[in-house]
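Let's take a walk through this one together. Keep the viewer open and follow along as the residues come up.

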Amino acid sequence: MNLEAIREKIGYQPFLLGVFALLASGALAWASSATGDAIAAAEAKDLRDSLSEVLPQGLADNDFLKDTVDLKNGEKTITIYRARQGGVVKAALFKVAERGYAGDIQVLMAVDIDGKTLGVRVLKHAETPGLGDKIEVKKDKWIKDFDGKSLGDPAPEKWGVKKDSGIFDQFAGATITPRAVVKAVKGGLEFFAAHKAEITG
Amino acid sequence: MSDSYGKLMKDGLWENNVVFAQLLAMCPTMAVTTSGTNGLGMGLATTAVLVVSNILVSMIRHTVSSQVRIPVFVVLIATLVTVVDMAMNAWLHELYKVLGLFIALIVVNCAILGRAEAFAVKNGVVASAVDGLAMGLGFTGALTFIGLIREFLGSGTLFAQASNLLGPSFAFLEMKLPGYGGALLMILPPGGFAILGFLLAGKRVMEQRIQERSAEKAELAAA
């Protein structure tokens with residue numbers, strides 16, 4: 001029997017679908033295992049790069065990627081990287097996430113021992129290109145507005161975008177995104193204040 | 001054969017352009033054309049996927065029966081895009097950080113399934129690859145063009161952040177209109193639809209002019 005006759009048979013259809021589903025799963029499994037290590041390595045390098053970006057140079061003399069402590073924040077576990085100088089904890093670096101306009105925005109922040117922000121960077125987001133992506137430091141210096149801010153400065157009710165009578169700028173056409181970032185940073189500072197003893201201990 | 005490849009290119013770039021003639025892939029078109037750079041990035045990523053998916057579909061066209069071809073193509077394209085996504089994340093991580101945003105959008109791009117269905121399933125591997133390339137470049141051109149217009153009217157810049165996508169040596173492309181804040185509407189979806197509408201109308205007028213002129217010429221030749 002030639003291919004064209006077989007192709008019309010009813011049994012051929014599920015067989016064909018099955019074969020392609022198997023092939024697709026096989027290809028995905030292979031690609032996932034082939035790229036897994038490289039992706040993990042690339043993400044670790046990204047993490048190292050961004051950690052050193054939020055932390056002012058010379059503040060840490062330890063390998064803070066290895067000096068971690070895991071703390072519970074509600075349901076989620078947050079890994080805190082501790083920057084020490086001469087064995088004393090000088091700053092804590094950790095990731096917080098907040099729901100933005102499209103999916104979670106992951107924010108990395110460094111807080112010094114007095115609860116003051118040393119630096120904030122957005123690690124991962126899916127905001128609208130050209131509008132919400134100004135939270136990336138590469139596209140706009142907006143995220144640097146957080147440097148040196150703490151829970152008392154500005155006052156708690158001023159921790160918002162200007163539209164909500166806060167002190168942080170929103171972007172033209174995108175309010176939800178910066179609002180989420182402000183909320184994330186504020187949440188991070190509150191988290192640090194609540195767990196200061198455990199972090200520095 | 002070279003003649004027909006030329007026709008394929010012309011089809012993809014102009015006559016049968018994905019955006020301006022087929023009006024396909026409207027979702028990514030509206031979503032990413034907020035700047036010329038974004039349009040270019042999305043266009044290039046789509047072109048790569050389109051060429052490979054056309055080649056694969058053309059290769060399996062004799063095995064796949066017409067009854068189940070759609071699910072087979074969908075699975076094939078989704079797998080392909082996912083593999084490309086993972087491979088880029090692993091080995092072209094810098095590029096992935098820029099283009100990664102667009103890759104997931106390619107799965108929902110009906111232009112890819114459209115070309116598989118309309119062309120690759122009926123034609124040979126080489127012709128399908130050429131068709132994928134032509135359609136992809138046409139798409140890239142359209143997205144970049146719409147993106148540039150929206151970016152210029154909306155934020156007063158051209159190719160902003162092109163150096164992020166193409167490398168620092170392309171920084172010369174970036175331009176900024178001093179003292180112009182931009183009309184936000186153009187960046188938002190309504191601006192996208194408005195610009196696309198004007199461009200479609202413009203293309204029609206242009207084609208009509210060309211037709212009239214060639215008709216006049218034919219008349220003159222006859223007289």
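Contact, in what follows, means heavy atoms within 4.5 Å. With that in hand, start at Phe20(B): leaving out residues up to four places away in sequence, this side of the story involves Ala142(B), Ile146(B), Leu196(B), Leu199(B), Leu200(B) and Lys203(B), which Phe20(B) touches. Keep in mind as you look that this is a predicted model.

Now zoom out to the chain that Phe20(B) belongs to. Chain B has nine helices and two strands, and reading from the N terminus the order is α-α-α-α-α-α-α-β-α-β-α. Its C-alpha trace spans about 65 × 60 × 30 Å along the principal axes. There are 223 residues in chain B, and 44% of them count as buried. If you take the contacts in chain B with a separation of 6 or more, 76% come from residues 24 or more positions apart.

What about the outside? Chain B has an accessible surface of about 10,700 Å², and carbon and sulfur atoms own 70% of that. As for charges, chain B carries 14 positive and 13 negative ones, and the mean positions of the two sets are 3 Å apart.

Back inside, which residues touch the most other members of the largest nonpolar core? They are Val19(B), Phe20(B), Ile106(B) and Ile146(B), in a core of 35 residues. Plenty of elements of chain B give two or more residues to this core: α2 (26-32), α3 (36-59), α4 (69-91), α5 (93-107), α6 (110-118), α7 (125-155), α8 (162-166) and α9 (189-222). The biggest giver is α7(B), with six residues. Apart from this core lies another one, of 33 residues, and its members include Val69(A), Val185(A), Phe192(A) and Ile187(B). As background, nonpolar side chains tend to be buried together in soluble globular proteins.

Helix α3 of chain B is a nice place to compare two residues. Thr47(B) sits in that helix and so does Met59(B). Are they buried or exposed? Thr47(B) has a relative accessible area of 6%, so it counts as buried, whereas Met59(B), at 52% relative accessibility, counts as exposed. Again skipping residues up to four places away in sequence, Thr47(B) touches Leu133(B), Gly136(B), Leu137(B) and Thr140(B). For a sense of scale, pick Met59(B) and Leu177(B): they are 118 residues apart along the chain, and their C-alpha atoms are separated by 49 Å.

Keep going past α3 and you reach the loop between α3 and α4 of chain B, where Ser66(B) is found. Ser66(B) is partly exposed, at 45% relative accessibility. Its C-alpha atom is separated by 23 Å from that of Gln22(B), and the two residues are 44 apart along the chain.

Next, the cysteines. A disulfide is a covalent bond between the sulfur atoms of two cysteines. How many disulfides does a search of the whole structure find? It finds zero over all chains. Cys27(B) is in no disulfide, and the nearest cysteine sulfur belongs to Cys110(B), 8.6 Å away. Why no bond between Cys110(B) and Cys27(B)? Because a sulfur-to-sulfur distance of 8.6 Å is too far; the cut-off for a disulfide is 2.5 Å. Both residues are partly exposed, Cys27(B) with a relative accessible area of 48% and Cys110(B) at 37% relative accessibility.

Finally, check a few backbone oddities. Ala25(B) is not a glycine, yet its phi is positive, near 60 degrees. You'll find Ala25(B) in the loop between α1 (2-15) and α2 of chain B, and at 2% relative accessibility it counts as buried. Over in chain A, Ser165(A) also has a positive phi, of about 55 degrees, although it is not a glycine. Ser165(A) lies in the loop between β5 and α3 of chain A and is partly exposed, at 48% relative accessibility. That loop, between β5 (117-124) and α3 (176-194) of chain A, is also home to Pro154(A). A cis peptide bond joins Pro154(A) to Asp153(A), with omega about 0 degrees.

Notes. Residues are numbered from 1 along each chain as its sequence is written. Chains are lettered from A and ligands numbered from 1 in the order in which they are written. This is a predicted model: local features need pLDDT of at least 70, side-chain atom pairs count only at pLDDT 80 or more; totals for chains, interfaces and linings use all residues. Side-chain values use heavy atoms; hydrogens and water are left out. Helices (H or I, at least four residues) and strands (E, at least two) are DSSP runs, numbered from the N terminus. Buried means under 20% relative accessible area, exposed over 50%, partly exposed in between (1.4 Å probe, protein chains only). Accessible areas come from the Shrake-Rupley method with a 1.4 Å probe; for residues, only the protein chains shown count as cover. Lys and Arg count as positive and Asp and Glu as negative; His and the chain ends are not counted. The place of a charge is taken as NZ of Lys, CZ of Arg, CG of Asp or CD of Glu. A nonpolar core is a set of buried Ala, Val, Leu, Ile, Met, Phe, Trp, Tyr and Cys residues joined through side-chain atoms within 4.5 Å.
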